[in-house]
Amino acid sequence: MRVCKYLVLAFVQLVLLNSLLASTKKETPILLKVLDLKCEYATNPIGMDIQHPQLSWRIESKTRGFIQTTYQILVSDSPDLLEKEIGNVWNSGKIASGNSSGIAFKGTELISRKRYFWKVKIYDATQMESNWSETAFFEMGLLKQKDWTAFWIGNPGGQSGRNLYFGKNFDTEKKVAQARVYVSGIGYYELHINGKKVGNHVLDPAASDYNKRVYYATYDITTLLLKKNRFGVIVAPGWYGVPKLRLQAEISYSDGTNETISSDWNWGVTVGPSIKSSIYDGEEYDARLEKGGWDEPIGDTTQSSRTNKWFTAKVIEAPGGLMVAQNMEPICVVDSLLPKTIKQPAKGIYVLDFGQNLAGWASLKVKGERGTKVSMKFSENLFLDGTVNQDNLYVAEAMDSYTLKGGEIEQWEPAFTYHGFQYVQVENFPGELKADNIIAKVVRTNVNPTGKFTCSNDLLNRLHQVIWSTEASNLHSIPTDCPQRSERLGWMNDMTVRIEQALYNFDLARFYAKFIDDVEDTQDEEGRITDTAPFKWGNRPADPVSASYLLLALKSYEFYGNKQIIQDHYKGLKAWVDYLYTRTENGIVNYSYWGDWSPPIEFAKNGGAESKDTPGQYISSGYLCYSSRILSEMADILGIENDKINYKKLSITIQDAINNKYWDKKTGGYASNNQACNSFALYLGIVNKERISRVVDNLVNDVKNRNYHLTTGNLCTKYLMEMLTEYGYADVAYKIATQETYPSWGYMLANGATTLWERWENETGSAMNSHNHPMMGSVDSWFYKYLVGIIPDITRPGFDKFSIKPYIINDLTFVDGEYNSVKGVIKCAWKKKAGFIYMDISIPENSTATVYIPTINMKSITEGNRKINNSKELKFLKMEGSYAAYEVGSGTYNFKSEW
Ligand code: BGC
């Protein structure tokens, strides 16, 4: 009987298997796939210098609710071994874990220059297993400082501001198997081989404190080498001063021998057509000075006899910092725009309007007489007479010039400067200027966009676009405050409220991992960091509002599952919090410079940008409370029990001190009882339960009494919007967001803003009046967090778990948004129709979401036209106000509910 039963079972299984195979032949055969393998958040990076790089992958599965329970990683130094499933560098074995990002490599020591190949296989709880993924690789750069044998070279007698041209001939008579170049030139460099620019990086290397670290890039130049070769490198002052170059090319021949070409005293140096450049002032290029073949292996190969005034380069003092691999996306030209209008406000003057404020430069196409000097001036604003208004650029001259060599059509664009502009004023252009003579090139760190947002309110859609463009204009290897005036610095206080917005909009896994190093580089023995990183302006210690130092790490952990960043920076983060504590008196931080910066002018001190009614020390103390709480959370993540307890205690001490000093029983509010003070207290969660309703009432009434206008600066604007929403007034927050009269974002749009302003006022004069400033843009994270409703869960980082909880705004009929997480794309689109809410969502594989379905009647909910309570895939969790919360696994779902 038993045998018979097994036979029948086996037969049924065979039939099922056959039919599965037959059906899968027709459709796609793979039910489960591991793809998008990344090492340190990059696809197949070369020139890596991290000893325990973090690995990640994405999963595609045809079944809903897919959860990985086990993974196995193989790393090998040979693709053949890996093919045979031999991980001679690391075989993780089967690891029972759902993690698919932030997994630290734990194999044998990684070796400079070596390439490693890896693949992954995963399993689920039913022991369904994937195939091995496709092979990915990562290649190490120069891991040790002593791997660098090249010298720093320059021209010590050089004039400041002058760009230098370096050159070196070399022969490769044997067959080249592989060639790499490791290169850095500070301030900015452009590498050429045999007459061509190498790669697509511009404005390399990434900004840093060159005393502490200098970033180098790695290029695979195997296919670029000929028998006779020449390196040509232009190096400009950039953020440095007198240009310096360090280059090390390592060539392996197929006969097993190696050769290194290094920058040294055998290189030539000269000046050239790109005469001068300055980030702020622009670039000057004289095409008459072009030296034909300067980067080509023609003529004599010895430097001394090369014509055209080549001098012998000098070995000069190193900038001092460690050579560090640039593990982040490079700055690139990412887009180009034709002018929308061309006007001639005066004879010989053209003014082009690109219709969009942006960061980048203009590319010029021109034909004319030799010696004609065309100039291009950049601005965000125009004077009434139609000429460019550069008043708000501080001392930046923002002008490029090109002198023609004459003859054929000439094409030029700068390489060692960039501008923030919407308008270009062209002077001395020979002939009639047409639309294709000047094209705007959009230049930024080439990070991938990750978010999408649209809704039924056009103003919000435009505002989202404006904030996106503002953020995009301010990613130049550091998050800058603005791209146009003589500043462009990584201001820490702006970042505190900017990070979330930026993380929804762009993949900043590597960008923030790099920027936090810049911050750490500013830190002194006392734990003090500075207002800007790399440090150029501002104070040491930074304003205590710089919780951004902690948030860079915490949010990278939350969004990308990057635990390493917390580990690596914990000491520094702790030192900063400890330092702030030394500056307290009775629990109140005793200093502040910026506070809730740049509120509407009537709420600012003496016409400046400091808040008049929001006490600086209140804000400083609030941030110490916040930062110590974050630190306690981090200690918990790292398992440092003492710190977890102590910093929690510290945050409570500060909280009590703030409550003692700033709670006002009479008004029922904090400090001056204004929007900033009350929303900040609520955000910090320091308000005693029985006081909350008074604080919220005060907040809401203040907003209503001002006819839905805000009075906040860069920081508390974020907290105002979020707290109104979380305390039941999402529609009030929405009215602020869609307000069109001053002060509001709508007012900026009504006045033609295509990127956000630094002030709520429409000012274009010589003070701090940037028109491309991300610090006021936190409302964009409000769109993602509350209108789309996607919020990560820090207890299960890397979107292992998250929630979808859209707030249904009375005035909106639909919202449609998505976020491309490390696990894959998350979507939520909801619309109202005939008494129902339709909500379509997507949850990526290996993720679980708590989905809050808005409804007035839980029984009415359907998913895919079936009653939800019949679904095994959806686990009811709780009713919460007008939401039914369910636990939902991966897949796409279409909910409908009465509303
Ligand atoms: C920057 C701001 C910054 C402020 C003070 C300004 O110059 O542009 O973004 O917040 O200084 O902190």
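Q: Is V315 buried, partly exposed or exposed in this predicted model?
A: The model is predicted. V315 sits in strand β22, residues 314–315. Buried means under 20% relative accessible area, and exposed means over 50%. V315 has a relative accessible area of 38%, so the residue is partly exposed.

Q: Which residues form a nonpolar patch on the surface with V315, and what is the accessible area together?
A: V315 lies in strand β22. The partners of V315 in the patch are F151 and W265. Together F151, W265 and V315 have an accessible area of about 280 Å².

Q: Where does the pLDDT drop below 50 over a stretch with zero contacts beyond near neighbours in sequence?
A: The protein averages a pLDDT of 95, and 96% of the residues score at least 70. One stretch with pLDDT below 50 has zero contacts in the model beyond near neighbours in sequence. Where pLDDT is low, predicted coordinates should not be read in detail. The stretch is residues 1–12.

Q: How many contacts beyond four places in sequence does the model have for residues 14–28?
A: Over residues 14–28 the pLDDT stays under 50. Contact means heavy atoms within 4.5 Å. Beyond four places in sequence, the number of contacts for residues 14–28 is two.

Q: What is the omega of the cis peptide bond from I186 to G187?
A: G187 is placed in the loop between β11 (176–186) and β12 (188–193). The bond from I186 to G187 is cis, with omega near -15 degrees.

Q: Where does P534 of the cis bond from A533 to P534 lie?
A: The peptide bond from A533 to P534 is cis, and omega is near -10 degrees. P534 itself is in a loop, between α5 (509–521) and α6 (548–560).

Q: What is the phi of D36, and is D36 buried or partly exposed?
A: D36 is in strand β1, residues 32–39. Phi of D36 is positive in a residue other than glycine, near 60 degrees. The relative accessibility of D36 is 36%, so D36 counts as partly exposed.

Q: Is N194 buried or exposed?
A: N194 lies in the loop between β12 and β13 (196–197). Phi of N194 is near 45 degrees, a positive value in a residue other than glycine. The relative accessible area of N194 is 13%, so N194 is buried.

Q: Why is the ring pair of F354 and F421 edge-to-face?
A: By the rule for ring pairs, the count comes to 55 aromatic pairs. The ring centres of F354 and F421 are 6.1 Å apart. Planes over 60 degrees apart count as edge-to-face. The planes of F354 and F421 stand at 85 degrees, so the pair is edge-to-face.

Q: Which strands hold F354 and F421?
A: The pair links distant parts of the chain, 67 residues apart. Both F354 and F421 are buried. F354 lies in strand β26 (residues 349–366), and F421 lies in strand β32 (residues 419–427).

Q: Which residues do ring pairs link into a cluster with Y618?
A: Ring pairs join Y618 to other aromatic residues in one cluster. The other members are Y623, Y626, Y662, W663, Y670, F680, Y683 and Y719.

Q: Why are K718 and E722 separated by about one helical turn?
A: A salt bridge joins the side chains of K718 and E722 at 3.1 Å, N to O. Both K718 and E722 are buried. They are four residues apart in helix α12 (residues 716–726), so the separation is about one helical turn.

Q: What is the N to O distance in the salt bridge of R759 and E761?
A: A search of the whole structure finds 45 salt bridges. R759 and E761 are both buried. Their side chains meet at 3.9 Å, N to O.

Q: In the salt bridge of D800 and R796, which residue is partly exposed?
A: The side chains of D800 and R796 meet at 2.9 Å, N to O. D800 has 15% relative accessibility, so D800 counts as buried. With a relative accessible area of 32%, the partly exposed residue is R796.

Q: How far apart in space are R162 and K276, C-alpha to C-alpha?
A: R162 lies in the loop between β9 (153–154) and β10 (164–171). R162 touches P237, P243, V271 and I275, not counting residues up to four places away in sequence. R162 and K276 are 114 residues apart in sequence, and their C-alpha distance is 4.5 Å.

Note on methods: Residues are numbered from 1 along each chain as its sequence is written. This is a predicted model: local features need pLDDT of at least 70, side-chain atom pairs count only at pLDDT 80 or more; totals for chains, interfaces and linings use all residues. Side-chain values use heavy atoms; hydrogens and water are left out. Helices (H or I, at least four residues) and strands (E, at least two) are DSSP runs, numbered from the N terminus. Buried means under 20% relative accessible area, exposed over 50%, partly exposed in between (1.4 Å probe, protein chains only). pLDDT is the predictor's confidence in each residue, from 0 to 100. Patches are made of residues with over 30% relative accessible area and no salt bridge: like charges are joined within 9 Å, nonpolar side chains (Val, Leu, Ile, Met, Phe, Trp, Tyr) within 5 Å. Accessible areas come from the Shrake-Rupley method with a 1.4 Å probe; for residues, only the protein chains shown count as cover. A salt bridge is a side-chain nitrogen of Lys or Arg within 4 Å of a carboxyl oxygen of Asp or Glu. Rings of Phe, Tyr and Trp (its six-membered ring) pair if their centres lie within 6.5 Å; planes under 30 degrees apart count as stacked, over 60 as edge-to-face and the rest as tilted.
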